[in-house]
Amino acid sequence: MSCAPGRWVGGLGSLGPGSPADLTLVDLGEEWTVGRQTLASRSSNSPYLGRRLRGRVVGTMVGGEMVYDRMGARLGVRT
């Protein structure tokens, strides 16, 4: 799920030692209900509003640095 997509966009397609880490961290056991306040999008509508889901993104790493935490805070985003 990481190597082939990495190659498709011209990256190295590796998670080996010394390679940059672009990862999405997911808690597959967390259950939550989708609400307007929980949407990361600027849009306030979703077909999932009010639905209870299992699995939630808890963090994102870009280049080995955490840039998004489970509370939605943007940390050290590189431009």
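Is Gly-35 buried or exposed, and what is its relative accessible area? Gly-35 is buried, with a relative accessible area of 11%. This value, like every other in this report, was computed from a predicted model.

## Overall architecture

The protein contains one helix and three strands. Read from the N terminus, these elements follow the order α-β-β-β. Of the 79 residues in the protein, 13% are buried. The accessible surface amounts to about 6,200 Å², and carbon and sulfur atoms supply 56% of it. Among the contacts in the protein with a separation of 6 or more, 38% are made by residues 24 or more positions apart.

## The loop between S1 and S2

Gly-35, the residue of the opening question, belongs to the loop between S1 and S2. Because its relative accessible area of 11% is under the 20% limit, Gly-35 is classed as buried. Gly-35 and Arg-52 stand 17 residues apart along the chain, and their C-alpha atoms are separated by 9.6 Å. Arg-52 itself has a relative accessible area of 53% and is therefore exposed.

## Salt bridges

The structure holds three salt bridges. They are listed below with the distance from nitrogen to oxygen.

| Acidic residue | Basic residue | N to O distance |
|---|---|---|
| Glu-30 | Arg-56 | 3.6 Å |
| Glu-31 | Arg-52 | 3.5 Å |
| Glu-31 | Arg-54 | 2.3 Å |

The side chains of Glu-30 and Arg-56 meet in a salt bridge at 3.6 Å. This pair links distant parts of the chain, since Glu-30 is in strand S1 and Arg-56 is in strand S2 (residues 52-62), 26 residues apart. The two partners fall into separate accessibility classes: Glu-30 counts as buried at 16% relative accessibility, whereas Arg-56 counts as partly exposed at 25%.

Which residue bridges to Glu-31 at 3.5 Å? The partner is Arg-52, whose side chain meets that of Glu-31 in a salt bridge. Arg-52 lies in strand S2 and Glu-31 in strand S1, so this bridge ties together parts of the chain that are 21 residues apart in sequence.

Glu-31 also forms a salt bridge with Arg-54, at 2.3 Å from N to O. Here too strand S1 contributes Glu-31 and strand S2 contributes Arg-54, so the pair connects parts that are 23 residues apart in sequence. Through bridges that share partners, Glu-31, Arg-52 and Arg-54 are joined into one network. Within this network, Glu-31 counts as partly exposed at 38% relative accessibility, while Arg-54 counts as exposed at 58%.

## Surroundings of Glu-30 and Glu-31

Which residues does Glu-30 contact, leaving aside its neighbours within four places in sequence? They are Leu-53, Arg-54, Gly-55, Arg-56, Val-58 and Arg-70. Glu-30 thus combines a place in strand S1 with a buried state, at a relative accessible area of 16%.

Glu-31, likewise found in strand S1, is in contact with Arg-52, Leu-53 and Arg-54 when its neighbours within four places in sequence are left aside. The C-alpha atoms of Glu-31 and Leu-53 are 5.5 Å apart in space, although the two residues are 22 apart in sequence.

## Trp-32 and the aromatic rings

Besides its salt bridge with Glu-30, Arg-56 lies over the face of Trp-32, at 4.1 Å from the ring centre. Arg-56 is partly exposed, with 25% relative accessibility. The structure holds zero aromatic pairs.

## A nonpolar surface patch

Which residues form a nonpolar patch on the surface? The patch consists of Val-26, Leu-28 and Val-57, and together these residues have about 280 Å² of accessible area. Val-26 lies in strand S1, which spans residues 23-33. Because its relative accessibility is 43%, between the limits of 20% and 50%, Val-26 counts as partly exposed.

Notes: Residues numbered from 1 in each chain as written. Predicted model: local features only at pLDDT ≥ 70, side-chain atom pairs only at ≥ 80, totals over all residues. Heavy atoms only, no water. Phe/Tyr/Trp six-rings, centres within 6.5 Å; stacked < 30°, edge-to-face > 60°. Lys NZ or Arg CZ within 6 Å of the ring centre and 35° of its normal. Patch = residues over 30% accessible without salt bridge, like charges linked within 9 Å, V, L, I, M, F, W, Y side chains within 5 Å. Areas by Shrake-Rupley, 256 points an atom, 1.4 Å probe, with all protein chains shown as cover. Salt bridge = Lys/Arg side-chain N within 4 Å of Asp/Glu carboxyl O. Helix = DSSP H or I, 4+ residues; strand = E, 2+ residues; numbered from the N terminus. Buried < 20%, exposed > 50% of the residue type's maximum accessible area, 1.4 Å probe, protein only. Contact = heavy atoms within 4.5 Å.
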